[in-house]
Amino acid sequence: MEKRKGARSIKDIPPDILEQLNRGEIETANLTEWLAVDQKLLLENLLQQSNRIEYLKPLLKKIDDLKKQTVNTVNEAIGTGLLDQLTKNNDHEFIEKLSIHQSDLVRCWASYIIGRNNTLSLRERFQKIQHFASDQHFGVREICWMAVRPDIAKNLSESISVLSEWAIHENQYIRRFASESTRPRGVWCEHITELKQNPGLGLNILEPLRSDKSRYVQDSVGNWLNDASKSQPEFVIEICDEWLRESGTKETQYIIKKALRTIRK
């Protein structure tokens, strides 16, 4: 099937496409569609289709109790709310179905079910979240690292030990996850104070990526160092100088330009 391009604005999304998105029958084609999906309606349709409508009321209450409803906060509320319901009802079968659902937003919810499951060890969660980290859909890849980031921050040493192995993975999406999930300041998430103060802790992840061939990975590494430059500029300058001396590839040069953009405005 030919990949859809998607509308440029929400008002231009054809009604039949929006209906299919809200029924979970197709993936979103771009960020515009991703933002347009009515997650509460999608949730209701999903639970109706799956004969689990009894989960809906507590999940809607969890959404209504949010101080601020954004795409990301609602996404997280549904994912963690589903985790509560599936745990309470010992509904392991449903988790598997959500993890491979045709709707990218449903798979985003599933990543929270895995990432926030405290009955799993951190390594077990990383092992299971890798499925989402390598997803072909941008939304799932960007949400899944948010699902485990709170525990990355709390268990930084163990997390870096695991993710330094991901940094040499053959899949660019998994390498990107290693960098993006540990950014000192991150996007749409809490900062990791320990990495802001001591960014050198992340070098086991960054070093293997300093000349990565993937622009997707390069952007993340450059942004990681740019985050660090806002609190530890001397460290970032030193690392960039070292990388230039040892690896003057065009990929490294691109990363360094991104890394130093705040310092050298």
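The following paragraphs lead through a predicted model, from one helix and its packing to a cavity, the aromatic pairs and two buried residues.

Helix α6 spans residues 92–99, and its buried residues are Phe 94, Ile 95, Leu 98 and Ser 99. Viewed along the axis of α6, these buried residues fall within an arc of 135 degrees, so they line one face of the helix. The spacing reflects a general property: an α-helix has 3.6 residues a turn, so residues three or four places apart point the same way. On the face of α6 turned away from the buried side, the exposed residues Glu 93 and Glu 96 are found. The buried residues, for their part, pack against four helices, namely α3 (39–49), α5 (71–88), α7 (104–115) and α8 (122–133).

Helix α8 also contains Arg 125. Although its side chain belongs to the charged class, Arg 125 counts as buried, because its relative accessibility of 6% lies under the 20% limit. Leaving aside residues up to four places away in sequence, Arg 125 touches Ile 114, Gly 115, Asn 117, Asn 118, Leu 120 and Asp 151. Of these contacts, Ile 114 and Gly 115 fall within the range of α7 (104–115), while Asp 151 falls within that of α9 (138–154).

Attention now turns to the interior space. A search of the whole structure yields one cavity of 30 Å³ or more, and the largest cavity has a volume of about 40 Å³. Which residues line the largest cavity? They are Ala 133, Arg 141, Glu 142, Cys 144, Trp 145, Tyr 173, Arg 176, Phe 177, Glu 180 and Tyr 216. Helices α9 (138–154) and α11 (172–180) each supply at least two residues of this lining. By class, the lining comprises six nonpolar and four charged residues, with no polar residue.

Several of the lining residues, among them Phe 177, Tyr 173 and Tyr 216, recur in the aromatic contacts. The count of aromatic pairs comes to three. One of them joins Trp 166 and Phe 177 in a tilted arrangement, with 5.0 Å centre to centre and 45 degrees between the planes. Trp 166 lies in helix α10 (residues 156–166) and Phe 177 in helix α11, so this pair ties together parts that are 11 residues apart in sequence. Both partners are buried: Trp 166 has a relative accessible area of 6%, and Phe 177 one of 2%.

A further pair is formed by Tyr 173 and Tyr 216, whose ring centres are 5.7 Å apart and whose planes meet at 85 degrees, so the pair is edge-to-face. This pair links distant parts of the chain, since Tyr 173 is in helix α11 and Tyr 216 in helix α14 (residues 215–229), 43 residues apart. Tyr 173, at 16% relative accessibility, counts as buried, whereas Tyr 216, at 21%, counts as partly exposed; the limit between the two classes is 20%. In addition, Phe 126, Trp 166 and Phe 177 form one aromatic cluster.

The last site lies outside the helices. Ser 247 is located in the loop between α15 (233–246) and α16 (250–259). Is this loop residue buried or exposed? Ser 247 is buried, with a relative accessible area of 12%. Not counting residues up to four places away in sequence, Ser 247 touches Arg 210, Ser 211 and Thr 252. Thr 252 falls within the range of α16 (250–259).

Note on methods: Residues numbered from 1 in each chain as written. Predicted model: local features only at pLDDT ≥ 70, side-chain atom pairs only at ≥ 80, totals over all residues. Heavy atoms only, no water. Buried < 20%, exposed > 50% of the residue type's maximum accessible area, 1.4 Å probe, protein only. Arc of directions from axis to C-beta. Contact = heavy atoms within 4.5 Å. 1 Å grid on protein atoms, 1.4 Å probe; cavity = no way out; pocket = protein on both sides within 12 Å on 5 of 7 lines; lining within 4 Å. Points joined across faces, edges and corners; volume = space filled by probe spheres on them. Phe/Tyr/Trp six-rings, centres within 6.5 Å; stacked < 30°, edge-to-face > 60°.
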